[in-house]
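Trainee: Could you walk me through one part of this model in detail? I would like to follow a strand and its surroundings.

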Amino acid sequence: MIRFRPISRSDMAQMQKHNYREYPADNLPTNVKTDTFEKNLYSNLREINLLQIFDEVCEKENLKETKNANIGAEYIIGLVGESNKIFYEECYDSDSFLRYASRFLEEKYGEDNIVSKVIHNDESNPHMHIIVMGEIVEKEQKWKNQNGEGV
């Protein structure tokens, strides 16, 4: 299973909190098992938090924050279903899963554009969150209306 969603700066704060388990101890989501926290795998590739990365990309690309500006993407990769329980119980290795499951994103976006990889082993179905933020490519937008046309 792979889920994709575009992300904006307002999403980043929630992702930082969820992905890196920065919840207050008395306010953890019910699906998170505290006794398996230590099994999570964090590849903080840039040594700064997600909001700082977002701001860095905006500054580099000279972008101004707007409410709906999506300049990144989060991929959630996991195996679901009853048949995959056997895989998790008998064959699962976090390091291998992280390395092989994210390879296609590295090929698609470039290794430098992947800013965060996290594996959550503390939920009922282990899964990975990968955040991609790349170089912004400006496209020419052609327009035409009753007053004329332009680029």
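Mentor: Happy to! Let's start from one pair: Ile-114 has Val-132 in S5 as its bridge partner. This is a predicted model, in which local features need pLDDT of at least 70, side-chain atom pairs count only at pLDDT 80 or more, and totals for chains, interfaces and linings use all residues. Residues are numbered from 1 along each chain as its sequence is written, and side-chain values use heavy atoms, with hydrogens and water left out.

Strand S4 and strand S5 (residues 127-132) run antiparallel and are joined by 6 bridges; two strands pair if DSSP finds at least two bridges between them. Strands here are DSSP runs of E of at least two residues, and helices are runs of H or I of at least four, numbered from the N terminus. With 6 residues between them, S4 and S5 make a hairpin.

S4 is largely enclosed by the rest of the structure, because 7 of its 7 residues are buried (under 20% relative accessible area, with exposed over 50% and partly exposed in between, using a 1.4 Å probe and protein chains only).

Now for the core. The largest nonpolar core (buried Ala, Val, Leu, Ile, Met, Phe, Trp, Tyr and Cys residues joined through side-chain atoms within 4.5 Å) has 14 residues, of which Met-12, Leu-50, Phe-54, Ile-71, Ile-131 and Met-133 touch the most other members. Strand S4 (114-120), helix H1 (9-19) and helix H2 (50-60) each supply at least two residues of this core, and H2 gives the most, with 5 residues. Another core, of 11 residues, lies apart from it and includes Ile-77, Ala-101, Leu-105 and Met-128.
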